[in-house]
Amino acid sequence: MNRLLLFLTALALLGHRASAQMTYGYTLSGVVRDSTDGKPLVRAAIVVDYNKSVTGTYTDAEGRFAITVTSGPRIVVVRHVGYVPFRVVMNIQRDARLDVRLGTVSSQLEEVVVTSKGFDRTIRQPLLGVSQINIKTLQKLPSAMGEVDILRGLQMLPGVSSVGEAANGVNIRGGTTDQNLILLDDMPIFNPTHMFGLFSAFPPDAVSGLDLYKGNVPARYGGRAASVLDIALKNPSLEKFQLTGGISLVSNRLTAEIPIVKGKMALLVSGRGAFNDFLLPLASKRLNNIKANFGDAAAKLFWRANDRNTFTVSGYWSKDFFQTSLLGSLANINATSTQYDHKTLNGMARWFLAINSRLNLQTTAIVASYVPKILSPELNSSNKVVLQQGLLQRQFKTNLNYQWKDHKTEVGVNATHYRLNPGELLPGSSPSVNYQKTPNENAVELAIHADDEMSLTPNLAVSAGLRYSYFMNLGPGLVRRYATGESVDEVSVIDSVRYGAGQVTHRYGGFEPRLGIRYSVGPNASVKFGYNLMRQYLQVVTNTTTPLPTARWKTSDEHIRPQISQLLSAGWFQNLNENIYELTLEGYWRTTQNVIDYKPGADFLLQPYPETQLLQGRSKAYGLEVMLAKKKGELTGWVNYTFARTFNQVDQGASFRERINGGDWYRANYDRPHTFNASLNINQGKHHSFSFTFAYSSGRPYTAPEGYIGYQGRIYPYYNERNQERIPAYHRLDFSWNIYSPSMKDRRWQGHWTFTVYNLYGRKNAYSVFFRTENRATKAYQLQIFAAPIPTLSYNFEFK
Amino acid sequence: MGGQGCVEEYDPNLNLEGEILVVDASITDQAERQFVRLVRSLAKPFNEFVEEPMTGAKVTVLVNGAAISLRETTLGSYELPEGYRGRIGDQYQLRFTTPGGQRYESTVETMQTVPPLNKVYDQFNPQGIADAQREYFIPTHDLYIDTQDPADARNFYRWTWTLWERQDWCHSCQGTVLIGENACGSNAPFSYPNAVPPHWYDYNCRFKCWDLFFSRDINVFADRFSNGQPIIGRRAGQIPYYQAQGALVEIRQQALTAEAYRYYQLFQAQTQANGGLADTPPVPLIGNVRNLANEREIVVGYFTVGAVSTSRYWLDRKNATGTPLGLFQAQNGNRAPIPEPFVRTPFGFRPPTALCIPSDTRTATQPEGWRQ
């Protein structure tokens with residue numbers, strides 16, 4: 001920690017003119033010039049750092065300087081406003097000369113890569129609400145317990161939030177966690193987290209970057225109502241064997257890139273395993289008694305058959321085992337504890353055919369399977385009762401892309417088959433439990449789409465897309481009919497219809513227009529407008545604040561209508577100071593039909609007719625997002641502020657069980673009006689980089705009692721309206737320090753250390769507020785997840 | 001790092017108002033008190049809790065359509081005629097009219113049959129009851145039961161227990177001494193109050209005395225995954241390990257209707273089983289009693305009708321480890337009993353012993369099944 005303080009102090013001093021006078025030593029002199037035109041730089045600062053003290057001078061009108069220094073190794077820094085600082089370690093044994101050419105910051109490549117394809121992509125592209133994030137940016141963000149975390153990193157962007165540190169997913173512009181389409185190399189991810197939201201489920205070393213579409217969504221994407229998170233796996237190097245890896249408090253990682261046929265075929269294999277659950281109590285006492293292991297792995301085989309054909313095969317595997325007292329047990333199974341076990345296994349194969357230089361065809365086949373289980377060990381027995389669910393998605397799609405002179409066109413078709421096992425109770429050798437199975441759900445989603453991006457005038461560009469999706473829920477199955485106008489429950493059933501295998505039980509479909517317009521206002525600014533309509537036929541039904549990994553997925557059917565979301569957005573995009581800064585201002589308005597809610601006391605477990613437990617309503621969300629990013633220079637980063645609101649309304653009937661809060665609009669669980677994020681990265685040459693992130697957001701709503709009642713000898717809270725109070729505001733500062741060793745630069749083995757402190761000032765952020773009845777009385781509590789500063793040291797290496 | 005617990009008490013600073021009618025009513029097939037208790041709970045700022053018994057209500061229970069009037073025995077408590085027992089298969093409905101003329105009635109509830117308790121057994125659990133912070137634990141004996149679920153019907157269960165513990169200390173005086181058998185007062189010059197703050201003296205019982213404890217947790221179960229199967233290893237209660245000597249427990253297994261089960265299950269989920277990573281937002285607990293003139297009024301409580309089977313279990317506590325806190329200590333904020341010093345006075349020896357005064361939580365009658 002002392003060394004850290006020293007560096008921070010030195011950092012603060014470097015910017016100032018040092019006043020210490022040297023009375024002996026050697027002279028260091030030279031000229032400082034602009035690297036492009038060679039003109040001398042006036043009043044450039046020369047700072048010499050030695051043994052905890054600093055001295056310095058400025059260049060004169062001809063760019064010349066001279067400074068007296070003592071002998072020995074010295075760090076010399078040359079800096080000038082608008083230029084990239086120059087650093088060197090000099091071993092001064094006699095008078096020395098140093099001529100420096102400084103490059104301008106504006107000619108530098110972008111450091112913070114929230115947008116990475118071309119320096120003015122943000123203002124030129126007709127799409128808005130698109131964030132491109134390079135994995136390098138995420139790697140520099142301070143992370144909890146040293147794990148590079150995509151979902152946590154995303155929450156530093158405007159419009160991305162969650163219900164808290166243990167949220168099982170993110171909420172994007174007022175959408176629920178299951179309204180985000182999360183793709184890893186085109187393979188859908190149904191559970192994006194490990195350990196109930198504490199860590200993201202993506203092997204960080206295998207990821208190259210991600211695109212987040214929270215505004216305009218291209219027509220090639222469909223199936224979710226709010227956003228698309230498209231994560232790309234790295235392509236393996238075709239030339240050179242590489243090994244990267246790391247060790248942190250939580251997990252161990254290893255990634256290998258193996259050329260199989262040089263220049264033609266290579267394989268990437270990446271794995272991560274976390275078996276260090278014995279360390280968790282160090283982070284929080286509340287994590288005592290937790291048994292938690294997880295692992296994930298990704299592989300990608302890339303084969304360039306010839307100039308026109310390439311083939312890619314990707315796979316992804318993820319597994320979790322979790323036991324804690326923080327999660328409820330399965331009602332009506334007599335068990336000594338509750339264990340969660342879930343597994344994802346995905347595969348993808350893609351053929352890319354370049355028909356000619358302008359036309360190409362991409363054909364992809366995808367299989368994704370997600371199997372969550374709840375295990376209930378029985379008393380005085382080695383048997384575990386297993387509740388198993390399953391989701392199998394099989395998909396085929398093909399896209400044709402054509403690059404015209406001034407526009408590009410894409411057309412494609414897509415067919416997806418879903419098979420859901422909503423629940424199967426496996427008693428094992430249990431003497432008490434009966435085997436049970438909820439009937440499988442089968443459904444097919446078909447889509448065709450066309451996208452066109454064109455420049456109409458030099459100032460006006462349009463991205464227009466149209467998707468038509470068609471959904472069929474298939475038999476076999478028994479579909480109930482309920483009396484119209486009555487509450488859908490066991491009492492109002494009037495009839496049921498049996499469908500055979502493959503018979504269509506219900507169909508939905510419709511157009512999904514997507515439009516983005518960009519108008520340039522001068523060379524450095526543009527205004528954009530966007531409209532999106534998206535349909536979602538597969539969703540999570542849950543009654544918890546954040547869905548459990550075991551939450552039930554449900555296809556739309558005769559009773560559960562698909563969710564339809566419309567998003568209107570508009571924005572102003574401005575590049576400042578030769579593209580060093582970028583200012584964006586975006587506003588949106590979103591409405592969603594048929595959002596899913598639930599009746600009081602709803603139970604979806606092994607429920608063959610979930611419509612009797614569910615309600616549907618509508619949702620509205622609006623917000624304003626402001627972001628300023630500094631993309632180049634020694635100090636890079638961004639600050640943003642978001643104002644966002646999300647409300648739901650559920651009013652399906654007159655009875656108390658069919659409406660929420662009397663049918664009025666009420667705040668969504670993740671409605672957090674004010675959010676402020678800052679992320680700063682300070683590059684200290686080749687040796688160090690420092691990052692700070694700060695996050696603030698309003699507390700999320702919770703349901704507080706409206707009174708207390710005495711009943712059967714105890715005092716209980718009495719609840720009525722949902723989400724009428726807020727938990728305390730959330731804020732947190734994180735710090736990370738990357739230590740590189742430049743002396744190893746030319747070696748094949750390179751290592752670096754990352755020292756991270758998550759929650760630097762130890763804010764005890766509330767994750768939830770709850771009222772527990774103990775003995776006779778009721779007390780209010782707040783549950784905190786990371787309530788103390790969490791320092792972590794991790795080691796990362798690269799072998800080339 | 002990590003020195004702090006992760007659950008902390010929280011001051012929600014709520015401004016509560018309003019009042020709620022609470023109906024606590026139960027009819028069983030046992031020879032016991034069959035009662036209806038009507039209370040108005042008044043919401044006040046946090047942790048101030050006021051309840052007002054509703055006296056003077058006109059309360060009847062319809063048994064298969066025939067009305068039986070209930071008599072108010074204590075304020076707000078109404079009882080069926082003494083000796084009345086419910087009968088399996090009979091239908092019951094609660095009706096009452098408040099003194100203000102508001103009429104309420106419950107749904108019609110049918111008394112369900114309940115299987116007998118086949119087996120009761122216990123396991124010592126050193127971390128039985130945890131506080132919300134999970135920092136302090138009270139060791140318990142966890143009681144488990146086995147029963148046979150009938151195959152011909154959907155069954156719903158609720159378990160409660162009553163515990164008898166031997167009590168050695170029958171009276172305590174603060175700043176005074178025991179006068180006679182059950183009163184504290186001044187007895188100078190023959191004896192003086194304890195001079196050491198907080199000035200307690202505690203007095204042994206003259207005869208055998210038992211304290212009664214009741215289960216507080218809601219513990220319900222449905223046979224939806226085990227219809228017709230033996231129910232094995234269901235935890236029916238956790239008995240705190242306060243003293244090493246044996247104790248007697250009566251376990252009650254009550255049949256519930258499906259709706260009653262749903263009610264208690266929701267009650268349990270949102271008041272006892274919450275505080276996890278993924279709670280269900282709580283909802284109003286609307287029971288089966290409604291205001292006939294105002295459908296929107298929320299009435300808390302469930303008119304519970306169901307047969308009961310009981311089993312008494314001698315908890316010998318021989319499997320316990322560690323030193324218990326002491327029953328007296330547990331009941332008196334960890335304070336050890338302080339007997340008055342032994343002296344001889346003109347009226348005999350002091351200290352005197354105290355009488356075991358029967359109450360809802362104390363009895364001088366040896367419970368059936370007591371050993372030792």
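This note goes through a predicted model with chains A and B, from the overall build of chain A to single residues.

1. Build of chain A. Chain A holds five helices and 51 strands. Its radius of gyration is 29 Å, close to the 28 Å given by the globule rule for 800 residues, so chain A is as compact as a globular protein of that length. Along the principal axes, the C-alpha atoms of chain A fill a box of roughly 100 × 70 × 50 Å.

2. Burial and contacts in chain A. Of the 800 residues in chain A, 60% are buried. The area that chain A exposes is about 30,900 Å², and carbon and sulfur atoms supply 57% of that area. If contacts are restricted to residues at least 6 apart in sequence, 65% of those in chain A join residues at least 24 apart.

3. Domains of chain A. The chain is divided into domain 1 (2-103), domain 2 (121-231) and domain 3 (232-799). Between the C-alpha centres of domain 1 and domain 3 of chain A the distance is 49 Å.

4. A five-stranded sheet in chain A. Five strands of chain A form an open sheet in the order β9-β16-β17-β12-β13, and the pairing is mixed. Its edge strands are β9 (130-134) and β13 (187-188), each of which pairs on one side only. Within this sheet, β12 (residues 180-184) and β17 (residues 227-233) of chain A are paired in the parallel sense, with five bridges. For a single position to inspect, take Leu184(A), whose bridge partner in β17(A) is Ile231(A).

5. Strand β51 of chain A. Which strands of chain A run antiparallel to β51 (residues 790-799), joined by five bridges in one case and 10 bridges in the other? The five bridges are to strand β18 (residues 242-247), and the 10 bridges are to strand β48 (residues 749-758). On the β18 side, Thr244(A) stands opposite Glu798(A) of β51(A). On the β48 side, Val757(A) has Pro791(A) in β51(A) as its bridge partner.

6. The interface between the chains. The size of an interface is often given as the accessible area lost when the parts come together. Here chain B and chain A bury about 7,100 Å² between them, with 56% of it on carbon and sulfur atoms. The residues that lose the most area to chain A on the chain B side are Tyr10(B), Phe225(B) and Leu277(B), together accounting for 13% of what that side buries. The contact takes 85 residues from chain A and 74 residues from chain B.

7. Domains of chain B. Both domains are assembled from two segments: domain 1 is 19-111 + 283-305, and domain 2 is 115-257 + 309-372. Taken over C-alpha atoms, their centres are separated by 29 Å. Their contact takes 10 residues from domain 1 of chain B and six residues from domain 2 of chain B. The two domains of chain B bury about 490 Å² between them, 37% of it on carbon and sulfur atoms. On the domain 1 side, Gln30(B), Thr304(B) and Val305(B) supply 51% of the area buried against domain 2, more than any other three residues.

8. Arg158(B). Is this arginine, Arg158(B), buried or exposed? Its relative accessible area is 9%, under the 20% limit, so Arg158(B) counts as buried. The residue lies in strand β14 (residues 156-166) of chain B. Leaving aside neighbours within four places in sequence, its contacts include Gln712(A) from the other chain, and among those in chain B are Ile218(B), Arg252(B) and Tyr264(B). Ala236(B) is 78 residues away along the chain, with a C-alpha separation from Arg158(B) of 8.8 Å.

9. Leu533(A). Strand β33 (residues 525-536) of chain A contains Leu533(A), which is buried at 9% relative accessibility. Apart from neighbours within four places in sequence, Leu533(A) is in contact with Phe511(A), Glu512(A), Pro513(A), Arg514(A), Ile564(A), Ser565(A) and Gln566(A). The last of these, Gln566(A), is 33 residues apart from Leu533(A) along the chain, and their C-alpha atoms are separated by 4.5 Å.

10. Thr57(A). This threonine belongs to strand β3 (residues 53-58) of chain A. Thr57(A) is buried, with a relative accessible area of 17%. Not counting residues up to four places away in sequence, Thr57(A) touches Ala44(A), Ala45(A), Ile46(A), Phe65(A), Ala66(A) and Ile67(A).

Conventions:
Residues numbered from 1 in each chain as written. Chains lettered and ligands numbered in written order. Predicted model: local features only at pLDDT ≥ 70, side-chain atom pairs only at ≥ 80, totals over all residues. Heavy atoms only, no water. Helix = DSSP H or I, 4+ residues; strand = E, 2+ residues; numbered from the N terminus. Buried < 20%, exposed > 50% of the residue type's maximum accessible area, 1.4 Å probe, protein only. Contact = heavy atoms within 4.5 Å. Pairing = 2+ DSSP bridges. Domains from an automatic or database assignment. Rg over C-alpha atoms; globule rule 2.2 N^0.38 Å. Areas by Shrake-Rupley, 256 points an atom, 1.4 Å probe, with all protein chains shown as cover. Buried area = accessible area lost by both parts, 1.4 Å probe.
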